[in-house]
Amino acid sequence: MNAQKKQNKAPKKGMLRKILVYAVLIIWAFVSLFPVYWMLTFSLKNNAEIFGENVIGLPKYWVWENYTRALNVGNMPRYFVNSIVVTVATILITLITSVMASYALTRLKWKGSKTMNKFFMLGLTIPIHASIVPLYTTLAKVSMLNTYWALIIPYSAFSLAMGILISIGFMSDIPYDLDEAAFLDGCGVWGIFMRVIVPLMTPAVATVGIYTFLQCWNELMFANVFISRDALKTLPVGIQSLSGQYTTEWGPIGAALSLATIPTLLVYVFLSKQIQDSFIAGAVKG
């Protein structure tokens, strides 16, 4: 009888555990998705509803004109293109330099490699906004203010340390036997890097790319200080300029924020598997 009772209790405990896990996941999903829901409904309301009693609910009057105003009045297409140019260039520079630097630090034996690695890691300790004054002075002296490079170079520099950290952690677990086999087949240093290392670094490259994208796409301070020409402003600065001096229509600002969030959501949807694979591969190899 006692054995039967224990067998009956085991499925009940398993069922309660599943219910608890699903309940926690549902609550977590709600908490994570609620800001997106609020932003979308916010973008379709007028000021009366936003600051009235209908703050969280669906709009009583769906103001689709907010998106038209955000695109036309706010010059959003131009800001969107500027953000794409800066972000894509920064991601490419960061990926190329971080993977190549990681290869030199982990696979090539040379005096000072450990010291150089520590030097790169110092970049993780420097707050990005603590360097605004020296960066502004330097960019002004070399006549780079109000250019794409005024954002691309600092973004790439501050993303490099994390890119190297992620790449070294993954590359150091790749067996050296593959390098030796490629060397016996006639590959040199460059051939081993391009034909062996780079194809195996896909998950790490995806992780670095997503990290760099989020750093660049949402950055406001550098873009606001280093760029004053309206034709070169990025999305965060362009959205900020939609607010008026005395009165502000918040609906178009919500519409602009919704449009600016779409690329981030797409990146997570299409590249989340690559991130998961990189974490799983690192856990298995570690």
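Begin with the whole protein chain, which holds 13 helices and zero strands. The model is a predicted one. Following the chain from the N terminus, the elements read α-α-α-α-α-α-α-α-α-α-α-α-α.

Next, display the surface of the protein chain. Its accessible area comes to about 17600 Å², and 70% of that belongs to carbon and sulfur atoms. Of the 286 residues in the chain, 36% are buried. If contacts are then displayed, consider those between residues at least 6 apart in sequence: 74% of them join residues at least 24 apart.

**First stop: T234**

Select T234, found in the loop between α11 (221–226) and α12 (235–240). Is this residue buried or exposed? T234 counts as buried because its relative accessibility is 7%, and the cut-off for buried is under 20%. Now add the residues that T234 touches, leaving out those up to four places away in sequence: Y79, N82, S83, V86, L151 and A223. To see how distant parts of the sequence meet in space, select M76 as well. T234 and M76 are separated by 158 residues in sequence, while their C-alpha atoms are 9.0 Å apart in space.

**Second stop: T264**

Move on to T264, which lies in helix α13, spanning residues 250–285. With a relative accessibility of 13%, T264 is likewise counted as buried. Which residues is T264 in contact with, leaving aside its neighbours within four places in sequence? Select F213, L214 and W217 to display these contacts of T264.

Conventions. Residues numbered from 1 in each chain as written. Predicted model: local features only at pLDDT ≥ 70, side-chain atom pairs only at ≥ 80, totals over all residues. Heavy atoms only, no water. Helix = DSSP H or I, 4+ residues; strand = E, 2+ residues; numbered from the N terminus. Buried < 20%, exposed > 50% of the residue type's maximum accessible area, 1.4 Å probe, protein only. Contact = heavy atoms within 4.5 Å. Areas by Shrake-Rupley, 256 points an atom, 1.4 Å probe, with all protein chains shown as cover.
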